[in-house]
Amino acid sequence: MNDGRGGAGKVKKARRPQVRLPPLVPWEGRGLEPDGDYDGVEFRGADLAGQEGIGARFMDCALAACALDETGLARARFIDSVLTDVRGVGTNLAEASLRDVEVVDARLGGVQLHGSTWERVVIRGGKIDYLNLRKARLKDVVFDGCVLVEPDFGGARLERVEFVGCALKGVDLSGATLADVDLREAAELGIARGVDRLGGAVISPAQLLDLAEVFAAELGVRVE
């Protein structure tokens with residue numbers, strides 16, 4: 001953990017996805033199918049609440065303004081896809097895989113992404129409450145201008161992850177492993193647990209002052 005200045009403070013930048021969707025075919029199905037294979041499909045305004053797409057594969061797909069309340073997408077794979085204005089509570093994406101994916105203006109609550117794998121993913125705008133990323137693996141991921149309320153990174157591995165203009169409220173880093181994680185541009189940084197896991201992250205001098213009380217508590221230091 002350092003302030004990002006000088007040779008020792010250099011942090012490797014995340015590689016962002018370059019998603020270029022082909023012409024898409026509108027989805028006309030009645031519901032998601034477990035292990036379904038969706039290639040070049042546009043889901044626009046679809047109500048996918050409560051549907052089961054466990055193990056489904058979405059390649060070169062667009063999901064726009066879709067309802068994902070309690071949607072079962074455990075072990076699903078999203079590749080070269082864009083999710084815009086999706087919304088829902090309790091979406092199950094446990095052990096899902098996201099590669100070269102953009103998520104824009106999502107409104108989600110209690111989304112389950114524990115054990116998931118992310119590579120070259122951007123989360124831009126929107127708000128996600130109680131994001132469960134326990135034991136997930138994130139590599140080349142950018143959180144850009146979003147609000148994360150009580151995100152749980154317990155036991156997760158974050159490598160080349162950036163938080164740009166984000167509000168991070170009540171973050172849990174218990175047991176997490178961080179490498180080249182850049183928190184300097186976070187608009188708000190609140191850590192509830194796991195401040196001792198910040199090794200491998202870079203923060204700004206102002207953030208260090210803001211976190212002074214949390215660090216003191218971790219070290220058992222009384223400030224009077």
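**Close-up views of a predicted model**

**View 1. Val41 and its surroundings in strand β3.** Val41 is buried, at a relative accessible area of 11%. As with everything shown here, that value comes from a predicted model. Val41 sits in strand β3, which covers residues 41-44. Look for Trp27 in this view: Val41 and Trp27 are 14 residues apart in sequence, yet their C-alpha atoms are 5.9 Å apart in space. If we skip residues up to four places away in sequence, Val41 touches Leu24, Val25 and Trp27, and also Asp60, Cys61 and Ala62.

**View 2. Val121 in strand β9.** Here we're in strand β9, residues 117-129, which is where Val121 lies. Buried or exposed, then, for Val121? Val121 counts as buried because its relative accessible area is 0%, and the cut-off for buried is under 20%. Val101 is 20 residues away from Val121 in sequence, but C-alpha to C-alpha the two are 4.9 Å apart. With neighbours within four places in sequence set aside, the contacts of Val121 are Pro17, Leu98, Val101, Asp140, Val141 and Val142. Keep Asp140 in mind, as that contact of Val121 turns up again in the next view.

**View 3. Two aspartates with positive phi.** Most residues other than glycine have a negative phi. Asp100 isn't a glycine, but its phi is positive, at about 55°. Asp100 belongs to strand β8 and is buried, with 12% relative accessible area. Asp140 also has a positive phi without being a glycine, with a value near 60°. You'll find Asp140 in strand β10, residues 137-144. Asp140 is buried too, at a relative accessible area of 0%.

**View 4. Cys146 and Cys166, a pair without a bond.** How far from Cys146 is the nearest cysteine sulfur? The disulfide count for this model is zero. Cys146 is in no disulfide, and the nearest cysteine sulfur, that of Cys166, is 3.6 Å away. Seen from the other end, Cys166 is likewise in no disulfide, with the sulfur of Cys146 as its nearest cysteine sulfur at 3.6 Å. The pair isn't counted because a disulfide needs the sulfur atoms within 2.5 Å. Cys146 is buried, with a relative accessibility of 2%, and Cys166 is buried as well, at 0%.

**View 5. The largest cavity.** The structure holds three cavities of 30 Å³ or more, and this view is centred on the largest, with a volume of about 220 Å³. The lining is made up of 19 residues. Nearest the centre of the cavity are Leu83, Leu93, Val103, Leu108 and Leu113. Which strands each supply at least two residues of this lining? They are β6 (77-84), β8 (97-109) and β9. The largest share comes from β8, which gives four residues. As for chemistry, 18 of the lining residues are nonpolar, one is polar and none is charged.

**View 6. The second largest cavity.** This one has a volume of about 80 Å³. Three phenylalanine and valine names to pick out in the lining are Phe153, Phe163 and Val171, and among the others are Leu158, Leu168, Leu173 and Ile191. Val181 is in the lining too, along with Leu178, Leu183 and Leu189. Four strands, β12 (157-164), β13 (167-172), β14 (177-182) and β15 (188-193), each supply at least two lining residues. The lining splits into 11 nonpolar residues, no polar ones and no charged ones.

**View 7. The largest nonpolar core, with Leu138 picked out.** In soluble globular proteins, nonpolar side chains tend to be buried together. In this model the largest nonpolar core has 60 residues. Which of them touch the most other members? Phe58, Trp118, Leu138, Phe143, Phe163 and Leu198 do. Strand β8 gives the most to this core, with five residues. Zooming in on Leu138 and leaving out residues up to four places away in sequence, we see it touching Trp118, Leu133, Phe143, Phe153, Leu158 and Val161. Arg157 and Glu159 are also touched by Leu138. Phe163, one of the core members touching the most others, also lines the second largest cavity.

Note on methods. Residues are numbered from 1 along each chain as its sequence is written. This is a predicted model: local features need pLDDT of at least 70, side-chain atom pairs count only at pLDDT 80 or more; totals for chains, interfaces and linings use all residues. Side-chain values use heavy atoms; hydrogens and water are left out. Buried means under 20% relative accessible area, exposed over 50%, partly exposed in between (1.4 Å probe, protein chains only). Contact means heavy atoms within 4.5 Å. On a 1 Å grid over the protein atoms alone, a cavity is a set of points where a 1.4 Å probe fits but cannot get out, and a pocket is an open set with protein on both sides within 12 Å along at least five of seven lines; lining residues have an atom within 4 Å of a point. Grid points are joined across faces, edges and corners, and a volume is the space filled by probe spheres set on the points. Ala, Val, Leu, Ile, Met, Phe, Trp, Tyr, Cys and Pro count as nonpolar, Asp, Glu, Lys and Arg as charged, and the others, Gly among them, as polar. A nonpolar core is a set of buried Ala, Val, Leu, Ile, Met, Phe, Trp, Tyr and Cys residues joined through side-chain atoms within 4.5 Å.
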